[in-house]
Structure formats: C-alpha cells, structure tokens
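User: Could you zoom in on a single part of this one for me and talk through how it's put together? Keep it relaxed, but don't skip the details.

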Amino acid sequence: DAKPGGSLNVGLLVEPPGLDPFHQAADARIRLTVLMYQGLFYESPDGKAAPLLAESVEQSPDRLAYTVRLRAGVKFHTGQPMTAKDVAYSYNYIRDPKNGSPGAGDFAMIQSIEAMDERTVRIVIAAPNAALPMTLGNKYGGVVPAGYFDAPDAKTKLNRTSVGTGPFKLAEFKPTSNVTLQRNPDYWAPGV
C-alpha cells in the first residue's frame with residue numbers, strides 16, 4: 001500500500017541546465033519541472049488531453065474559440081491564488097517571440113488569450129486545431145503569476161525557487177550535484 005511522506009532519491013543521466021520552464025527546452029529540465037509547473041491540461045494514460053488546472057472547456061461551433069473554466073482553490077507556491085489573469089499572462093508571454101521562449105512556435109496557432117473573469121479564459125485560434133488542449137499542457141504550458149517576468153532576475157530566480165502550482169516546490173538546485181523538491185502542502189488536489 002502506498003503511504004504519503006518519506007523521500008525518494010532518483011538519479012538522472014543528464015543534468016538540467018536550468019529549471020526555467022519558459023526559456024529552457026532540455027528534456028532533463030522537463031522531467032523535473034512538470035512536478036512544479038502545471039498547465040491547463042495533461043496527457044492522460046490513454047493519450048488524450050485531460051483537464052488539470054482547467055475544470056472544463058467549451059469549444060465554439062466553428063472550433064476557433066475555447067472557453068476554459070479554471071479549477072477553484074489553486075494556489076501558486078508563493079501562496080497567492082491562481083486566476084485567469086495569470087493564465088493569460090503566462091501563455092501570452094510564451095507566444096510572444098520577443099520573449100525568447102522555445103515554446104513560441106507551439107503557441108503560434110493562438111490569435112488571442114484573454115481573461116473573461118477570475119476563473120474563465122477565452123482562447124481564439126487561427127484555424128481549427130485539435131492539438132490545442134495538449135499544447136496547453138505540454139512542456140511549455142506552465143502557469144506563473146501575472147507579471148512574474150517583469151523582474152530583471154526572474155529567469156535566474158527560477159533556479160532558486162519555484163512559482164508554479166504543482167505538487168512539489170523547489171527546495172534546492174545545486175548544479176552538478178543535486179536538485180531537491182519538497183511536497184507542496186497547499187496543493188489543490190487532496191491526498192497528493
């Protein structure tokens with residue numbers, strides 16, 4: 001029987017060059033940051049996009065607009081609640097080529113993302129594309145607090161602290177030595 005608590009030590013063959021899920025494309029980074037940063041959806045065991053930070057999604061009849069209702073009670077590792085404004089900020093940041101995210105190409109199908117209210121985001125795409133939900137949960141689909149990257153040291157700070165919504169927080173990252181994650185006591189899913 002599985003029991004909560006304890007520690008797990010895992011060896012990685014390749015060290016992540018950094019822990020920034022918006023600017024770092026390395027697979028070694030992704031293996032760790034999916035535990036700290038979450039997107040609207042995730043890939044379920046049957047290979048389909050399933051809601052994660054999203055509670056529900058409605059698609060317009062022309063398949064160009066997605067209205068996503070966000071899960072209630074989600075908090076960032078900073079303690080602040082996650083809102084639609086944070087989702088719109090994060091995905092608009094990624095898709096803006098000036099910001100240098102390797103995920104910008106994945107988000108090129110998106111024409112606009114806007115917060116409709118505290119828990120609703122509307123995403124409009126240029127042409128019907130069934131890959132959108134999976135894109136909103138892929139390796140670049142994490143959500144951070146709105147305005148996070150306004151700070152000049154924001155990118156490097158992600159190697160010292162995590163600001164995601166995931167079940168684990170960054171406790172320590174010592175390049176060429178170790179990465180330590182700790183349980184997020186405020187995680188939105190009970191029993192995790």
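Analyst: One yardstick first: a residue counts as buried under 20% relative accessible area, as exposed over 50%, and as partly exposed in between. Keep in mind, too, that this is a predicted model. By that yardstick Asp-153, at 37%, is partly exposed. Its salt-bridge partner is Arg-160, with 4.0 Å between the closest N and O atoms, and Arg-160 counts as exposed at 51% relative accessibility.

Let's zoom in on the sheet, then come back to charge pairs. Four strands make up an open sheet, ordered E3-E4-E6-E5, with antiparallel pairing. Strands E3 (54-59) and E5 (110-117) sit at the edges with a single partner strand each, so each has one side left without a neighbour in the sheet. On average, neighbouring strands here are turned by 20° against each other, direction ignored.

Take E3 and E4 to begin with. They're antiparallel and joined by five bridges, and Val-57 has Val-68 in E4 as its bridge partner. The two strands form a hairpin with five residues between them, and in that turn Arg-63 has a positive phi of about 65°.

On to the next pairing: E4 (residues 65-70) and E6 (residues 120-125) run antiparallel too, over five bridges. Ala-65 has its bridge partner in E6, namely Val-124, while Tyr-66 is matched with Ile-123 in E6. Packed on the sheet is helix H2 (residues 84-95), which touches E4, E5 and E6. The direction of H2 makes about 165° with that of E5.

Now the charges. Side chains of opposite charge can pair when their charged atoms come close. Five salt bridges turn up across the whole structure, and one of them belongs to this sheet: Asp-117 meets Arg-69 side chain to side chain, at 3.7 Å from N to O. Asp-117 is in strand E5 and Arg-69 in strand E4, so this pair ties together parts 48 residues apart in sequence. Asp-117 comes out as partly exposed, at 40% relative accessibility, and Arg-69 is partly exposed as well, at 29%.

For another example, look at Glu-172 and Lys-174, whose side chains form a salt bridge at 3.6 Å, N to O. Glu-172 is partly exposed with a relative accessible area of 30%, and Lys-174 is also partly exposed, at 42%.

Note on methods: Residues numbered from 1 in each chain as written. Predicted model: local features only at pLDDT ≥ 70, side-chain atom pairs only at ≥ 80, totals over all residues. Heavy atoms only, no water. Pairing = 2+ DSSP bridges. Axes fitted to C-alpha atoms, helices over the stretch in contact; angles between N-to-C directions. Contact = heavy atoms within 4.5 Å. Buried < 20%, exposed > 50% of the residue type's maximum accessible area, 1.4 Å probe, protein only.
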